Amino acid sequence: MKEEGYLEWVDGEKRRSTLRNFNWFLLVNALFSVYLFFQRGQAFAAHSFAQLIGEMPAISAVIPVSALSYVVLRQLAPRGESAAWRGAVVSISLLALCWCAIFHHLIVNDLIYLV
């Protein structure tokens with residue numbers, strides 16, 4: 001039989017490793033949204049940066065949400081693991097909503113193609 005506290009230790013290690021690797025998740029979100037932003041910008045043939053942001057608000061929102069999540073998680077880390085974990089859950093929820101809006105926009109406008 002496993003010694004007492006082993007399952008709690010495993011749970012804590014999973015949580016800590018998830019929080020440590022969350023920075024990569026944020027980076028991938030930001031980079032993929034930048035790729036989609038410029039790919040869609042070429043498709044729309046926009047004349048200004050403001051016009052691009054206006055036509056793709058969900059894609060434009062992922063970059064600041066990712067950056068803000070990174071900063072918030074850095075600020076929450078000294079307050080304890082549970083505070084950082086709650087911040088990560090909120091960040092993931094916001095990013096999931098942004099990506100749902102992006103994919104809805106891509107599907108509705110029939111803009112899904114891999115080139």
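**Exercise 1: the nonpolar patch**

Task: In this predicted model, work out which residues make the nonpolar surface patch of about 410 Å² and which helices supply them.

Solution:
- Start with the members: F32, Y35, F103 and I107 make up the patch.
- Next, look at where they come from. Helix 1 (6-44) and helix 4 (81-108) each bring at least two residues to the nonpolar patch.
- Take F103 as a test case. F103 sits in helix 4, and its relative accessible area is 41%.
- A patch residue needs over 30% relative accessible area. F103, at 41%, is partly exposed, because values between 20% and 50% get that label.

**Exercise 2: the rings**

Task: Find which residues the ring pairs link into a cluster, and say how many aromatic pairs the whole structure holds.

Solution:
- Searching the whole structure turns up 6 aromatic pairs.
- Now follow the links: ring pairs join F32, Y35, W99 and F103 into a cluster.
- Go back to the patch from the previous exercise, and you'll meet F32, Y35 and F103 there too.

**Exercise 3: following R16**

Task: Which salt bridges does R16 make, with E13 and with E81, and what do they join?

Solution:
- A quick reminder before you start: side chains of opposite charge can pair when their charged atoms come close.
- Begin with E13. Its side chain and that of R16 meet in a salt bridge, 2.9 Å from N to O. Both belong to helix 1 and are 3 residues apart, so about one helical turn separates them.
- Move on to E81. E81 also forms a salt bridge with R16, and the closest N and O atoms are 3.0 Å apart. This pair ties together parts that are 65 residues apart in sequence, because E81 lies in helix 4 and R16 in helix 1.
- Put the two together: through shared partners, the salt bridges join E13, R16 and E81 into one network. The total count of salt bridges is 2.
- Finally, check the exposure. R16 has a relative accessible area of 32%, E13 comes in at 29% and E81 at 28%. R16 is therefore partly exposed, and so are E13 and E81.

**Exercise 4: the charged patch**

Task: Which residues gather in the patch of negative charge on the surface, and is E3 buried or exposed?

Solution:
- The patch brings together E3, E4, E8 and D11.
- Place E3 on the chain: you'll find it in the segment before helix 1.
- Then read its accessibility. With a relative accessible area of 65%, E3 is exposed, because anything over 50% counts that way.

**Exercise 5: sequence distance and space**

Task: What are the C-alpha separations in space for L27 and S66, and for Q42 and E3?

Solution:
- Take L27 first. L27 is in helix 1 and is partly exposed, at 40% relative accessible area.
- L27 and S66 are 39 residues apart in sequence, and their C-alpha atoms are 7.4 Å apart in space.
- Now turn to Q42, also a helix 1 residue. Q42 is exposed, with 69% relative accessibility.
- Q42 and E3 are likewise 39 residues apart along the chain, but 59 Å separates their C-alpha atoms.
- Set the two results side by side: 39 residues of sequence go with 7.4 Å for L27 and S66, and with 59 Å for Q42 and E3.

Key:
Residues numbered from 1 in each chain as written. Predicted model: local features only at pLDDT ≥ 70, side-chain atom pairs only at ≥ 80, totals over all residues. Heavy atoms only, no water. Patch = residues over 30% accessible without salt bridge, like charges linked within 9 Å, V, L, I, M, F, W, Y side chains within 5 Å. Areas by Shrake-Rupley, 256 points an atom, 1.4 Å probe, with all protein chains shown as cover. Salt bridge = Lys/Arg side-chain N within 4 Å of Asp/Glu carboxyl O. Lys, Arg positive; Asp, Glu negative; His and termini not counted. Charge placed at Lys NZ, Arg CZ, Asp CG, Glu CD. Helix = DSSP H or I, 4+ residues; strand = E, 2+ residues; numbered from the N terminus. Buried < 20%, exposed > 50% of the residue type's maximum accessible area, 1.4 Å probe, protein only. Phe/Tyr/Trp six-rings, centres within 6.5 Å; stacked < 30°, edge-to-face > 60°.
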